[in-house]
Amino acid sequence: MPRLEESFIHLGRSGTACAEPPFTGMEWYAAYAARHADDGAEGRLVSHYRFTEDWPMWEMHPYGAEVVICSEGRMTLYQEHPDGTRSQVALAPGDYAINPPGIWHTADVDEPVAAIFITSGLGTEHRPR
């Protein structure tokens with residue numbers, strides 16, 4: 001049986017879903033984008049990650065919202081809005097937050113944490129923290 005933290009899921013147009021090859025590192029994302037280019041901004045990646053350290057960078061998804069669901073531990077999600085203001089959301093198991101399109105976000109880990117992400121990854125950008 002596949003495990004989400006090892007083999008992510010792609011949600012595509014017309015209600016499709018397919019299992020992805022095992023995650024191998026950051027280069028995996030380029031291959032994922034090529035595999036599902038036809039879905040454009042409608043495609044969503046469902047992934048599960050574990051963190052023991054604060055995120056080292058900010059990220060932003062310009063073409064769609066991202067849902068972050070905390071499944072274990074505690075984390076603080078930070079969002080930077082277009083006017084430069086920042087907000088934060090504390091997440092515990094079962095809590096979720098939505099990163100709207102175009103909002104820069106990052107997270108601090110209060111303890112080892114696991115989270116499920118449903119991401120519109122097209123055009124994702126990163127910047128140093």
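The protein exposes about 7,200 Å², and carbon and sulfur atoms supply 57% of that area. Keep in mind as you look around that this is a predicted model. The protein holds one helix and eleven strands, and the notes below start with the whole chain before turning to a few strands and residues.

**The whole chain**

- Starting at the N terminus, the elements run β-β-α-β-β-β-β-β-β-β-β-β.
- A compact globule of 129 residues would have a radius of gyration near 14 Å, and the protein agrees with this because its own value is 14 Å.
- Along the principal axes, the C-alpha atoms fill a box of roughly 35 × 35 × 25 Å.
- Of the 129 residues, 38% are buried.
- Take the contacts with a separation of 6 or more: residues 24 or more positions apart account for 68% of them.
- The protein carries 9 positive and 19 negative charges, and the mean positions of the two sets are 1 Å apart.

**Strands 6 and 7: a hairpin**

- Strand 6 covers residues 75-80 and strand 7 covers residues 86-91; the two run antiparallel and are joined by six bridges.
- If you want a pair to find on screen, Met75 stands opposite Leu91 of strand 7.
- Five residues lie between the strands of this hairpin, and Gly84 takes a positive phi near 90° there.

**Strands 5 and 8: another antiparallel pair**

- Strand 5 (residues 66-72) pairs with strand 8 in the antiparallel sense, over four bridges.
- Val68 has Ala97 of strand 8 as its bridge partner.
- Strand 8 spans residues 96-99, with Ala97 and Asn99 on its covered face and Tyr96 and Ile98 on its uncovered face.
- Ala97 therefore appears twice in this picture: as the bridge partner of Val68, and as part of the covered face of strand 8.**Ile116 in strand 10**

- Ile116 is found in strand 10, which takes in residues 113-119.
- With a relative accessible area of 23%, Ile116 is partly exposed, because buried would need a value under 20%.
- Leaving aside neighbours within four places in sequence, Ile116 is in contact with Leu4, Val46, Ser47, His48, Val67, Val68 and Ile69.
- One of these contacts, Val68, is the residue whose bridge partner in strand 8 is Ala97.
- Val89 lies 27 residues from Ile116 in sequence, and their C-alpha atoms are 16 Å apart in space.

**Two loop residues: Gly64 and Ser14**

- Gly64 has its place in the loop between strand 4 (57-60) and strand 5.
- Gly64 counts as buried because its relative accessible area is 5%, and the cut-off for buried is under 20%.
- Not counting residues up to four places away in sequence, Gly64 touches Arg44, Asn99, Pro101 and Ser120.
- Among those partners is Asn99, which belongs to the covered face of strand 8.
- Gly64 and Gln88 are 24 residues apart along the chain, with 20 Å between their C-alpha atoms.
- Ser14 sits in the loop between strand 1 (9-11) and strand 2 (17-19).
- Although Ser14 is not a glycine, it has a positive phi of about 60°.
- Ser14 counts as exposed because its relative accessibility is 79%, and exposed means over 50%.

Methods:
Residues are numbered from 1 along each chain as its sequence is written. This is a predicted model: local features need pLDDT of at least 70, side-chain atom pairs count only at pLDDT 80 or more; totals for chains, interfaces and linings use all residues. Side-chain values use heavy atoms; hydrogens and water are left out. The radius of gyration is taken over C-alpha atoms; the globule rule is 2.2 Å times the number of residues to the power 0.38. Buried means under 20% relative accessible area, exposed over 50%, partly exposed in between (1.4 Å probe, protein chains only). Contact means heavy atoms within 4.5 Å. Accessible areas come from the Shrake-Rupley method with a 1.4 Å probe; for residues, only the protein chains shown count as cover. Lys and Arg count as positive and Asp and Glu as negative; His and the chain ends are not counted. The place of a charge is taken as NZ of Lys, CZ of Arg, CG of Asp or CD of Glu. Two strands pair if DSSP finds at least two bridges between them.
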